[in-house]
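Reader: Please take me through the labels used for this model. For each one, I would like the value and the rule behind it.

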Amino acid sequence: MDPIEDQDLERKLKKEQKAKLKEEKKLKAAQKAEAAKLQISSIMLLDRHKGHLMELRRVSENRGKEIWYSWWEASDFFTADASSSKPSFVIVLPPPNVTGALHIGHGLTAAIQDTIIRWKRMSGYNVLWVPGMDHAGIATQVLIADHSINMSQVVVEKKLMQERKLTRHDLGREGFVSEVWKWKNKYGGTILNQERRLGASLDWFRECFTMDEARSKAVTEAFVRLYKERLIYRFMNYQIKLISIISRDNRLVNWDCTLRTAISDIEVDHEDIKEETFRKVPGYDRDVQFGVLTSFAYPLEGGLGEIVVATTRVETMLGDTAIAVHSKDKRYAHLHGRFAVHPFNGRKLPIICDDVLVDPEFGTGAVKITPAHDPNDFEVGKRHNLDFINIFTDEGKININGGADFEGMPRFAARVAVIEALQAKGLYRGTQKNEMKLGICSRSNDVVEPMIKPQWFVDCKSMAKLSLDAVLSRDNKKIEIIPHQYEQEWKRWLENIRDWCISRQLWWGHRIPAWYVTLEDDQLKDMGSYNDHWVVGRNEQEAVLEAQKIFPGKNFEIAQDPDVLDTWFSSGLFPLSVLGWPEVTPDFKAFYPTSLLETGHDILFFWVARMVMLGMKLGGDVPFRKHQLLVGSNLTLLCFDLPRQRLANPLGYFVLNHPQVYLHPMIRDAHGQKMSKSKGNVVDPLEVINGISLEGLHKRLEASNLDRNELERAKIDQIKDFPNGIPECGADALRFALVSYTAQSDKINLDVLRVVGYRQWCNKLWNAIRFAMTKLGDNYAPPKMLVVESMPSICQWILSVLNKAVAKTVSSFESYKFSEATTAVYSWWQFQLCDVFIEAIKPYFMGSSQFESARKAARDTLWVCLDTGLRLLHPLMPFVTEELWQRLPQAEGTCRKESIMISEYPSVVEAWTNERIESDMEIVNGAVRKLRSLRPQSDKSERYPAFALCRGHDVSNIIKAYELEILTLATVSSLKILTEDDSVPAGCAVDVVNENLSVYLQLQGTLNAEVEWEKLRRRREETQKKHDLLAQEMNSLGYKEKAPLTIQEDQMKKLNSYLEELKLIDEAEQDLKRRI
């Protein structure tokens, strides 16, 4: 059998094996779904047998969330169908690190994305939300965040040493990687299981890992293709004598001396040093000094004197190869073209003119140049063709190029030794405080060292141009970034993009698919000695074939590059690789490009830009595209035959535009401080969901790596913020709070007390359902249609304002204004349904026969409101809405779905809109609020007579029509309508509703004149302020020319109404004065 047949057979066997595994997975899922249904059925039985909802609620809080989620997942409600005819909507979950445990940033991401996903699923889309994990090269090799043990961070190598007395070098590469895989398989899924706790409806059948077989294949393919298009290249070191001379086109990298690898820019934190500071550095017993400028002198050749320079890193003078001055600085004009002499090795340092770098007004106007260890000096070195001398080993010690006196010293120990040596030679000129930025590795906490190393780079220029146009092009815009201000950040970064260093000196990760060819007749046998000896292939066999083409007839050996690829390289391919690329799979055809990327704005460049560049280059399109979808008008709000939605469009269709990059704010603590493990102010979302005592919070801090002072400070802050710990809030309240916070610009100041408030609001939802269950009765059957016109006004009103809430929520979701959506839903449930409608219909259920018709209408309206309201709320609060929706009676013969999450999302029902009744109820609610405010604070239970002074028949008719609602909601004993000719009874408190209505409450002996005067004074002040602001706007320059006539007319009416209110307040004050 030839190799091709072998490959076909192997492919066939793999396909059969995958199909078998898929069938087994489906069978297990079906069994799991059946078990979950049995659990749910038992809860339903409990409801029927116990007869009241509070017992059910207790059981649900303990078990409900787990049961509902298990049922959703096992019932395949989360699974997308690549063959579906529905329009697709696709999000890829930003892959959390495999080492990670859930933090509040993950909670925000999950809350926002699941809200979008559930809304889209309910809106009729074929929704795919792909879960995955990132192998996190450095984090996994170096750090394990093991939540199940004690939340501490354990260095992998230290772990090996503690448990088995071994280093990774003792195990060897294969052994060490095997250990990491074992750890990954044991603990790596922790964070995805935690996502389930938040209710994230991810398609778990498509779960992936950046180092699984399919993703690894994609990474290799991407590298090979980019290399063949000459977009990936490698530079080498040249060794001349004892000095490392680097190719003039090479790049500096961020080098971590503790990890002994290059790190990406995103892994570097820049710490502002304002003054002399001593800080801990890994590997040093004593704190290291920063924030000082050290001055010293270089002797000039030929006895011409000296030239003084200054630096914050005096140890790097061992690698100096020039001194730069400004060409117009007269102080140094006589030294142009001369040389200084290095005091420790005699090396001649040319004095060069570089007007780009040197500011003659700063310091001495002379700058030491170390091209191999400073980004600015690196550019100077290229401009002036200087030597690039590397003085550090990979561990951060001085190498032989630094001189025998310093060789082997750690770099910061050498800093002290160099100063002492300069002092001994009489060249030291002192130190002074100096502000600076210090690059710190976020993984190891080590000070980053700029180093020149042989690395693999991606040439980003052409891809960056395409990515820039995709966002900024007027004629062919493919990507919209929300919020829009980040489009300018996109422009700034991509216009100044540098080539991307993609190699890392680690063992855990995707090994670079490049092999070095050592020819039999090569003089230098070390790997990398010749830059033209590298070959790239998908596997070793391809690499051998490539080497044979390049070196025909030569004897050679090949060895794979030991480096691995930057984690961001595989992450950048994620939208492609999760859908099966490079194969054109059914998923790839159905779901690429994806619909939306939702992530934090802090990784816009490091991840988002790279996904766009790689997606356009390798996938042929941007990875997330702006969808324009024509949606028909046959969407209905309920399953039964209610009037269907008709929009202001003659064709009955509307266009949905979906921005595809939404950047959420970054979460800070309640005081606006950045959350950091070093500060001990990190909030664990599971602690908010489950609750935790103050003692428990302290224990978590004690298990961290904070030093004693930081620990005590963090404990004090916890006592201030959480004196009683964090109460159990549940996933729904946390999700709702996080989404509601998204209006806070680019930062969220998280106050856990706000989450507690939403937990208490969940109680309102339970109470509303409990009220409904008692009023609907056991035999209630929902209507097949509503005849709105014959219903009581209060029923018509709640349906009309429900329409408004639906419209506002949907438009807010479509425009990604999630905070406005939460406000719309919350306001309807809390202030309109619970506070007004449910209270107003209670008299209908008091047994009187006069309310029989109203009682039936109220039941039907209540059911429709709860069904619609729960579906409206579901994307934001999935658990409680499913729990309560399942309890609502079901109309016989209707198409109600099995779960709320696959039911239809509400849409506007035109027949329900009634602007006149909404306007009337605005007056009624205003009157109720004013009457409530007039009640004495000390006696809220007493009912007092009320009076409504109406100016005109229209307002008088409204008050008459809603007399029952006002009596009920304001809790007054009676309501009498007065005209302007009627006198007001004595002992009344008064307040003004609007220019046509004032209300009075007869308090008799309890009237407090001082309090009433103060109320009227505040009302006058408030109304006068509104009047003055509007008058100022109307009198502003250009108002009459620029403002539309309709707006001018409306604002004039409003201005007159304010004047009328002020007049009424005057009259009320006079009336109060007479009655006192």
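**Labels and their grounds**

Reader: What makes Glu883 count as buried?

Author: Its relative accessibility is 4%. Buried means under 20% relative accessible area, exposed over 50% and partly exposed in between, with a 1.4 Å probe and protein chains only, so Glu883 counts as buried. The model is predicted: local features need pLDDT of at least 70 and side-chain atom pairs pLDDT 80 or more, while totals for chains, interfaces and linings use all residues. Residues are numbered from 1 along each chain as its sequence is written, and side-chain values use heavy atoms, without hydrogens and water.

Reader: Why is the pair of Glu883 and Arg887 called a salt bridge?

Author: The rule asks for a side-chain nitrogen of Lys or Arg within 4 Å of a carboxyl oxygen of Asp or Glu. The N to O distance between Glu883 and Arg887 is 3.2 Å, so the pair meets the rule. Arg887 is also buried, because its relative accessibility is 6%. By this rule there are 50 salt bridges.

Reader: Which two residues of helix α8 form a salt bridge about one turn apart?

Author: Arg225 and Glu221 do, with their closest N and O atoms 2.8 Å apart. They lie four residues apart in α8, which covers residues 213-228; helices are DSSP runs of H or I with at least four residues, strands are runs of E with at least two, and both are numbered from the N terminus. Glu221 is buried because its relative accessibility is 11%, whereas Arg225, at 30%, is partly exposed. A network of salt bridges links Glu221 and Arg225 with Arg538 and Glu542.

Reader: How do you know that Lys382 and Glu379 form a salt bridge?

Author: Their side chains meet at 3.7 Å, N to O, and that is inside the limit for a salt bridge. Both residues belong to helix α9 (residues 375-384), where they are three residues apart, about one turn. Lys382 has a relative accessible area of 29%, so it is partly exposed. Glu379 is partly exposed as well, at 35%.

Reader: Why is α8 called roughly perpendicular to α17?

Author: α8 and α17 (residues 604-618) pack at about 75 degrees, with their axes 12 Å apart. That makes α8 roughly perpendicular to α17, because 65 to 115 degrees counts as roughly perpendicular, under 35 as roughly parallel, over 145 as roughly antiparallel and the rest as oblique. Axes are lines fitted to C-alpha atoms, for helices over the stretch in contact, and angles run from 0 to 180 degrees between N-to-C directions. Where α8 and α17 meet, Ala222, Arg225 and Leu226 face Leu614, Lys617 and Leu618; contact means heavy atoms within 4.5 Å.

Reader: How do you know that the span of α10 is close to the expected one?

Author: The expected span is 1.5 Å times one less than the number of residues. For α10, residues 411-424, there are 14 residues, and both the expected and the actual span are 20 Å. The buried residues of α10 include Phe412, Val418, Ile419 and Leu422. Among the elements covering the buried residues of α10 are β14 (288-290), β15 (292-299) and β21 (428-433). After α10 comes Gly426, with a positive phi near 75 degrees.

Reader: What makes Asp320 count as buried?

Author: Asp320 has a relative accessible area of 0% and is therefore buried. Its place is the loop between β16 (306-311) and β17 (322-325).

Reader: Why is the link between Asp320 and Tyr298 called a polar contact?

Author: A polar contact is a pair of N or O atoms within 3.5 Å; within protein, one must be able to donate a hydrogen and the other to accept it, and residues adjacent in sequence count only if both atoms are side-chain atoms. The side chains of Asp320 and Tyr298 are joined at 2.8 Å, so the distance fits. The side chain of Asp320 makes another polar contact with that of Lys368, at 2.9 Å. Asp320 also touches Arg347, Leu349, Ile369 and Thr370.

Reader: Is Arg511 buried, partly exposed or exposed?

Author: Arg511 counts as partly exposed, because its relative accessibility is 34%. Arg511 sits in the loop between β27 (503-504) and β28 (514-519). A polar atom of the Arg511 side chain lies 2.9 Å from the backbone oxygen of Asp561.

Methods: Lists of a residue's contacts leave out its neighbours within four places in sequence.
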